[in-house]
Amino acid sequence: MVKLLQAGILALMDYGERLFRIRWPRGFICPRCGGRAYYPVQKRNQFECSVCGYQLSLSAGTLMHKSRIPLEKWFAAAALYDRSPDITPLNFSRALGLTKPTGSLLLKKIRQGLANRKNRILLSKMASEA
Ligand SMILES: [Zn+2]
């Protein structure tokens, strides 16, 4: 099982690995059955619980769920926002190398997301690991 877990972690991209460790610091736990073993699904950053077959994505239940913005940008955005919470949408977009509409949307999502305690904790951990 340890090998299976390691293989799953290694199959992830670098930022996927960081998010994985932030979300499951003591290893994967299936949200449905509590199972600790999983298989990586071919689609990147997706898992299947090897006990109950539940499939979930790394970003499920987070403000990044179904976002088209790559994880590395989310990490950089979390760090940037952490340093400069009053940043303008234009400067935010420029600093992250995003178009203004995409960057503005990301900034809005972060600001809205911060109303939620779970998101605040997640974004602050991401900021420190960006
Ligand atoms: Zn399960």
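Biologist: Which helices do the buried residues of H3 pack against?
Modeller: This is a predicted model, in which local features need pLDDT (the predictor's confidence in each residue, from 0 to 100) of at least 70, side-chain atom pairs count only at pLDDT 80 or more, and totals for chains, interfaces and linings use all residues. Residues are numbered from 1 along each chain as its sequence is written. Helices are DSSP runs of H or I with at least four residues, numbered from the N terminus, and two residues are in contact if their C-beta atoms, placed from the backbone, lie within 7 Å. The buried residues of H3 pack against H2, helix H4 (89-96), H5 and H6.

Biologist: Which residues of H3 are buried?
Modeller: A residue is buried if 20 or more other C-beta atoms lie within 10 Å of its own, exposed if 12 or fewer, and partly exposed in between, with C-beta atoms placed from the backbone. In H3, this holds for Leu71, Lys73, Trp74, Phe75, Ala76, Ala77, Ala78, Leu80 and Tyr81.

Biologist: Which helix gives the largest share of the largest nonpolar core?
Modeller: A nonpolar core is a set of buried Ala, Val, Leu, Ile, Met, Phe, Trp, Tyr and Cys residues joined through C-beta atoms within 7 Å. Of the 19 residues in the largest one, Trp74, Phe75, Ala77, Ala78, Ile110 and Met126 touch the most other members. Two or more residues come from each of H2 (14-23), H3 (71-83), H5 (100-113) and H6 (117-129). The largest share, eight residues, comes from H3.

Biologist: How far apart are the end C-alpha atoms of H3?
Modeller: The expected span of a helix is 1.5 Å times one less than its number of residues. The 13 residues of H3 should therefore span 18 Å, and this agrees with the separation of its end C-alpha atoms, 19 Å.

Biologist: Is alanine 127 buried, exposed or partly exposed?
Modeller: Alanine 127 lies in helix H6. Leaving aside its neighbours within four places in sequence, alanine 127 is in contact with Ala78, Ala79 and Asp82. Because 17 other C-beta atoms lie within 10 Å, alanine 127 counts as partly exposed.

Biologist: In which helix is confidence lowest?
Modeller: The chain averages a pLDDT of 88, and 90% of the residues score at least 70. Confidence is highest in H4, at a mean of 97, whereas the lowest mean, 52, belongs to residues 2-11, helix H1.
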